Amino acid sequence: MDAFELLCDLAVNGTSLNPFSRPFETSWKWMRGRYTDIQIATVGSVICHELLYFGLCLPGFIFQFIPAMRKYKIQRDKPETGIGQWKCFKLLMLNHFGIQLPLVFLPYLFAQFLTIPFDYDSIPPWYEILLRMYGCLLLEDAWHYFLHRLLHHKRIYKYVHKIHHNFQAPFGMVAEYAHPIETLVLGTGFFIGILLCCNHIFVIWCWAGIRLLETIDVHSGYNLKINPLHILPFYGGTEYHDFHHMNFVGNYSSTFTFWDKLFGTDHQWNEYQARKAAKEHKE
């Protein structure tokens, strides 16, 4: 088999050149043989969420103790505090285990309703998973933009969304620091992605991972120059959402920038960028 044939085989099957494919297959089949579908969809999803969430928050948490990372901090005059992080963690635990835990049965119910498979052989190829992830991001972003903007309405804001904005300079854990009603309302966008784009329990877990990676990234408070998410077309990024926390209005999208551009809710962001560029030019 020549190099071209190997590349074609990798594109189609996604396994022949992947040294992790065999251990992954063995582990997945072991899990399927040991646990029931409902255990995998519920307990497995809880473990997946908690490990991913706090694992992805960990780098940002460590950055605050590394002087060399300070130059990447967006709002350098507002450093993280132990009191603020503890306050955030306490509400997170309430949301994770008081609000999200009862919802853990939804992936299993969706799997039953949509006849989503659990077996290894039904896991789609990597390129299909990537396309489905992008579809999930587009759907969630549309939902998030309009509902997030609604939560900023003056008659609603102080009762629900104001809690999330307690942190004007966000850090990773702030991603899910929110009023329980907001958790339910904005979290619905995640389940829309499952309903319309996910065709396997593994794909659901991939979508959970991508969504957590994105929301923790934009709340991290650090604008890292090397970021794989920046390859996404129209990706807003950390500085884009950090401005929303700093300014309180505008930049309502969760992931992309086109909804804000379309409805003109990024004009203050554009003015801020212009002032920043002019200041840097003078210096």
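Helix 9 (residues 238-247) is largely enclosed by the rest of the structure, because eight of its ten residues are buried. Here, buried means under 20% relative accessible area, exposed means over 50%, and partly exposed is whatever falls in between, using a 1.4 Å probe and protein chains only. Helices are DSSP runs (H or I, at least four residues), just as strands are runs of E with at least two, and both are numbered from the N terminus. All of this comes from a predicted model, in which local features need pLDDT of at least 70 and side-chain atom pairs count only at pLDDT 80 or more, while totals for chains, interfaces and linings use all residues. Residues are numbered from 1 along each chain as its sequence is written, and side-chain values use heavy atoms, with hydrogens and water left out.

The buried residues of helix 9 are Thr 238, Glu 239, Tyr 240, His 241, Asp 242, Phe 243, His 244 and His 245. So what covers them? The cover includes helix 6 (126-151), helix 8, helix 10 (258-263) and helix 11 (267-282). Just past the end of helix 9 sits Phe 248, with a positive phi of about 75 degrees. A little further on, Gly 250 lies in the loop that runs between helix 9 and helix 10. Gly 250 is buried too, at 8% relative accessible area. Leaving aside residues up to four places away in sequence, Gly 250 touches His 244, Asp 260 and Thr 265, where touching, or contact, means heavy atoms within 4.5 Å. From C-alpha to C-alpha, Gly 250 and Gln 268 are 6.9 Å apart in space, though 18 residues separate them in sequence.

Helix 8, one of the covers of helix 9, also packs against other helices. Two packed helices are described by the angle between their axes and the distance between the axes. The axes are lines fitted to C-alpha atoms, for helices over the stretch in contact, and the angles run from 0 to 180 degrees between N-to-C directions. For helix 3 (residues 37-63) and helix 8 (residues 201-219), the axes come within 10 Å and cross at roughly 25 degrees. That makes helix 3 roughly parallel to helix 8; angles under 35 degrees count as roughly parallel, over 145 as roughly antiparallel, 65 to 115 as roughly perpendicular, and the rest as oblique.

Which residues do the meeting? On the helix 3 side they are Ile 40, Ala 41, Gly 44, Ser 45, Cys 48, His 49, Leu 52, Tyr 53, Leu 56 and Cys 57, and on the helix 8 side Ile 201, Trp 205, Gly 209, Leu 212, Leu 213 and Ile 216. Sorted by class, this contact has twelve nonpolar, four polar and no charged residues. For that sorting, Ala, Val, Leu, Ile, Met, Phe, Trp, Tyr, Cys and Pro count as nonpolar, Asp, Glu, Lys and Arg as charged, and the others, Gly among them, as polar.

Helix 2 (residues 21-34) meets helix 8 at another angle: about 110 degrees, with the axes 13 Å apart. That makes helix 2 roughly perpendicular to helix 8. In this contact, Phe 24, Trp 28 and Met 31 of helix 2 meet Ile 201, Phe 202 and Trp 205 of helix 8. The class count here is six nonpolar, no polar and no charged.

Now for the charged pairs. The structure holds ten salt bridges, each being a side-chain nitrogen of Lys or Arg within 4 Å of a carboxyl oxygen of Asp or Glu. One of them joins Glu 140 to Arg 211, with the closest N and O atoms 3.1 Å apart. Glu 140 lies in helix 6 and Arg 211 in helix 8, so this pair ties together parts that are 71 residues apart in sequence. Are these two partners buried or exposed? Glu 140 is buried at 1% relative accessible area, and Arg 211 counts as buried at 13%. Besides Arg 211, the residues that Glu 140 touches include Leu 186, Gly 189, Phe 190, Trp 207, Ser 254 and Thr 255.

Other salt bridges have other settings. Lys 78 pairs with Asp 77, with 3.4 Å between the closest N and O atoms; Lys 78 is partly exposed at 29%, and Asp 77 is exposed at 61%. Lys 261 pairs with Asp 266 at 3.9 Å between the closest N and O atoms. Here Lys 261 is exposed at 53%, whereas Asp 266 is buried at 5%. Finally, Arg 22, Glu 25 and Lys 29 are joined into one network by salt bridges that share partners.
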